[in-house]
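Dear colleague,

I am passing on a structure that you have not worked with before, and I would be glad if you could look through it with the notes that follow. Please keep it open beside this message as you read.

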Amino acid sequence: MALTLNLLMNWLILGASVASVAYLLPFVYVRNFEKALWVGILVSLFNAGIVWGLLQLGVSLNVGSLTIANLVITTVSVLLSDKIMKGFRLRHNWGAIAIGLLAILLNLGIHHFLGLLGISL
């Protein structure tokens, strides 16, 4: 149950990040919030695949490098999603980096807030 809730929360965070960055930056385009959610799902799937591949290659990610690795993996996943999804377009790579940064900040903030409430995912 917690895994499903955590996955759903990550999809919503990524979708909100895509929609927010598209609203704030002129070089990121998303047709509507539904497309932003689909991009969030696709980015999550790419993230899982990339992390699985790295673990199969024997690359270890420790706590110190996890945030930077998460940013790089999410940025690559957003760039891949840009090539696949219709209704989502990046004109610069900075848009993918901005989406990754906002997703990390939202994720940390929401997990911290839930921790203050005594809810752990």
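**What was found**

Thr75 has its place in helix α3. Please bear in mind from the start that this is a predicted model, and that what I say about Thr75 and its surroundings was computed from that model. Thr75 counts as buried because its relative accessible area is 12%, which is under the 20% that marks the limit for buried residues. If neighbours within four places in sequence are set aside, Thr75 is in contact with Ala96 and Ile97.

**The chain as a whole**

Before going further into helix α3, it may help to have the overall layout in mind. The chain has 4 helices and 2 strands, and when these are read along the sequence they follow the pattern α-β-α-α-β-α. The radius of gyration is 14 Å, close to the 14 Å that the globule rule gives for 121 residues, so the chain is as compact as a globular protein of that length. Taken along the principal axes, the box that the C-alpha atoms fill is roughly 35 × 35 × 25 Å.

Of the 121 residues in the chain, 32% are buried. Among the contacts with a separation of 6 or more, 71% are between residues that lie 24 or more positions apart. The accessible surface amounts to about 7700 Å², and carbon and sulfur atoms account for 71% of that surface.

**Other residues of helix α3**

Thr74 also has its place in helix α3, and it is buried, with a relative accessible area of 3%. Leaving aside neighbours within four places in sequence, the residues in contact with Thr74 are Leu14, Val43, Asn47 and Gly100.

Is Ser81, another residue of helix α3, buried or exposed? Ser81 counts as buried, because its relative accessibility is 0%. Not counting residues up to four places away in sequence, Ser81 touches Val39, Leu42, Val43, Phe46 and Phe88. Ser81 and Asn47 are 34 residues apart along the chain, and their C-alpha atoms are separated by 11 Å.

Leu66 lies in helix α3 as well, but its relative accessible area is 43%, and it is therefore partly exposed. Between the C-alpha atoms of Leu66 and Gly15, which are 51 residues apart along the chain, the separation is 21 Å.

**The largest pocket**

You may want to turn next to the largest pocket, which holds about 590 Å³ of space. The elements that give two or more residues to its lining are α1 (2–24), α2 (33–56), α3 (63–84) and α4 (93–116). The lining is made up of 21 residues, and those nearest the centre of the pocket are Asn10, Asn47, Asn70, Thr74 and Asn107. Thr74, described above as buried, is thus one of the residues nearest the centre of this pocket, and Asn47, another of them, is among the residues that Thr74 contacts.

What is the division of the lining into nonpolar, polar and charged residues? The lining contains 13 nonpolar residues and 8 polar ones, with no charged residue.

**A residue in strand β1**

Finally, for a view away from the helices, please look at Tyr29, whose place is in strand β1 (residues 28–30). Tyr29 counts as partly exposed, because its relative accessibility is 38%. Not counting residues up to four places away in sequence, Tyr29 touches Gly87, Phe88 and Arg89, and Phe88 is also among the residues that Ser81 touches. Tyr29 and Gly49 are 20 residues apart in sequence, and from C-alpha to C-alpha they are 25 Å apart in space.

With kind regards

Note on methods. Residues are numbered from 1 along each chain as its sequence is written. This is a predicted model: local features need pLDDT of at least 70, side-chain atom pairs count only at pLDDT 80 or more; totals for chains, interfaces and linings use all residues. Side-chain values use heavy atoms; hydrogens and water are left out. On a 1 Å grid over the protein atoms alone, a cavity is a set of points where a 1.4 Å probe fits but cannot get out, and a pocket is an open set with protein on both sides within 12 Å along at least five of seven lines; lining residues have an atom within 4 Å of a point. Grid points are joined across faces, edges and corners, and a volume is the space filled by probe spheres set on the points. Ala, Val, Leu, Ile, Met, Phe, Trp, Tyr, Cys and Pro count as nonpolar, Asp, Glu, Lys and Arg as charged, and the others, Gly among them, as polar. Buried means under 20% relative accessible area, exposed over 50%, partly exposed in between (1.4 Å probe, protein chains only). Contact means heavy atoms within 4.5 Å. The radius of gyration is taken over C-alpha atoms; the globule rule is 2.2 Å times the number of residues to the power 0.38. Accessible areas come from the Shrake-Rupley method with a 1.4 Å probe; for residues, only the protein chains shown count as cover.
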